[in-house]
Amino acid sequence: MTDGAALYPGTFDPITNGHQDLIRRAAEIFPKVVVAVAANPGKAPMFSLDERVRMVREVLDEGDHLDVVGYSGLTVAFARENGIRVMVRGLRAVSDFEFEFQLATMSRQIAPEVETVFLTPTEQFSFISSTMVREIAMFGGDISKFVHPMVERALKRRALESSRRASP
């Protein structure tokens, strides 16, 4: 990849305005940010890896400072294989801290050369999570304040498809 690049990994199921905020802010700190979309089949994502990569690319303006890639496997292994030494993680609330602290500590044991840096979201995005956005969308709620319009349309389509399959 690139010297000085930072990795911002996630499932992005879907990408939210909170993710966009952290990516934008990381891009102001690091010369390049690699947004790594995790396959993460254990989470049973609503969207396929290809769909999520496509959405992230469409929402973000990929350019000299941003790359969007899909990957599977250990995140620190991906960072190591691509010569990335900094991983950016977001902390929304105190409840995120314990999990993220454990993850960073475990990552350091596996790949000590990869350092984890935490960013907190802008206050207006501190409560947004992909899980909550998906749930609101599945019940027909308004998610326009939480996601890009293209993501909103994709979630509404998926919710409609899901309700058609569930109907007798």
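Is Phe127 buried, exposed or partly exposed? With 46% relative accessibility, Phe127 counts as partly exposed; here buried means under 20% relative accessible area, exposed means over 50%, and partly exposed is what lies in between (1.4 Å probe, protein chains only). Before going on, keep in mind that this is a predicted model, where local features need pLDDT of at least 70, side-chain atom pairs count only at pLDDT 80 or more, and totals for chains, interfaces and linings use all residues. Residues are numbered from 1 along each chain as its sequence is written, and side-chain values use heavy atoms, with hydrogens and water left out.

**Aromatic pairs**

A pair of aromatic rings is described by the distance of the centres and the angle of the planes. The rule used here takes rings of Phe, Tyr and Trp (its six-membered ring) with centres within 6.5 Å, and calls planes under 30 degrees apart stacked, over 60 edge-to-face and the rest tilted. Searching the whole structure turns up four such pairs. In one of them, Phe127 and Phe146 have ring centres 5.9 Å apart and planes at 85 degrees, so the pair is edge-to-face. It links distant parts of the chain: Phe127 is in the loop between strand S5 (115–119) and helix H5 (130–138), while Phe146, 19 residues away, is in the loop between H5 and helix H6 (149–166). Helices (H or I, at least four residues) and strands (E, at least two) are DSSP runs, numbered from the N terminus. Unlike partly exposed Phe127, Phe146 is buried at 15% relative accessibility.

**The inside**

A nonpolar core here is a set of buried Ala, Val, Leu, Ile, Met, Phe, Trp, Tyr and Cys residues joined through side-chain atoms within 4.5 Å. The largest one has 34 residues, and the members touching the most others are Ile15, Val35, Val56, Leu60, Val151 and Leu155. Elements that give two or more residues to this core are strand S1 (5–10), helix H1 (17–29), strand S2 (32–38), helix H2 (49–59), strand S3 (66–71), strand S4 (86–90), H5 and H6. Apart from it there is another core of 13 residues, including Leu7, Phe78, Ala79 and Met87.

What does Val35 touch? Leaving out residues up to four places away in sequence, the contacts of Val35 are Tyr8, Phe12, Ile23, Val56, Leu60, Leu66, Asp67, Val68 and Val69, where contact means heavy atoms within 4.5 Å. Tyr8 sits in strand S1 and is buried, at 5% relative accessible area. With the neighbours up to four places away again set aside, Tyr8 touches His19, Leu22, Ile23, Val33, Val34, Val35, Ala36, Val88 and Gly90. The C-alpha atoms of Tyr8 and Val34 are separated by 6.0 Å, although these residues are 26 apart along the chain.

**Salt bridges**

Take a salt bridge as a side-chain nitrogen of Lys or Arg within 4 Å of a carboxyl oxygen of Asp or Glu, and the count comes to twelve. Here are some of them:

| Pair | Closest N to O |
|---|---|
| Arg24 and Asp21 | 3.0 Å |
| Arg158 and Glu51 | 2.7 Å |
| Lys156 and Glu152 | 3.3 Å |

Arg158 lies in helix H6 and Glu51 in helix H2, so this pair ties together parts that are 107 residues apart in sequence. Arg158 is buried at 16% relative accessible area, whereas Glu51 is partly exposed at 22%.

The other two pairs stay within a helix. Arg24 and Asp21 are both in helix H1, three residues apart, about one turn of the helix. Arg24 is partly exposed at 43%, but Asp21 is buried at 4%. Lys156 and Glu152 are four residues apart in helix H6, which puts about one helical turn between them. Lys156 is partly exposed at 48%, and Glu152 is buried at 14%. Salt bridges with shared partners also join Asp21, Arg24, Arg25 and Glu28 into one network.

**Backbone oddities**

Most residues other than glycine have a negative phi, and most peptide bonds are trans. The loop between S1 and H1 holds Phe12 as well as Pro14. Phe12 has a positive phi, near 50 degrees, without being glycine; this residue is also buried, with a relative accessible area of 3%. The peptide bond from Asp13 to Pro14 is cis, with omega near 5 degrees.
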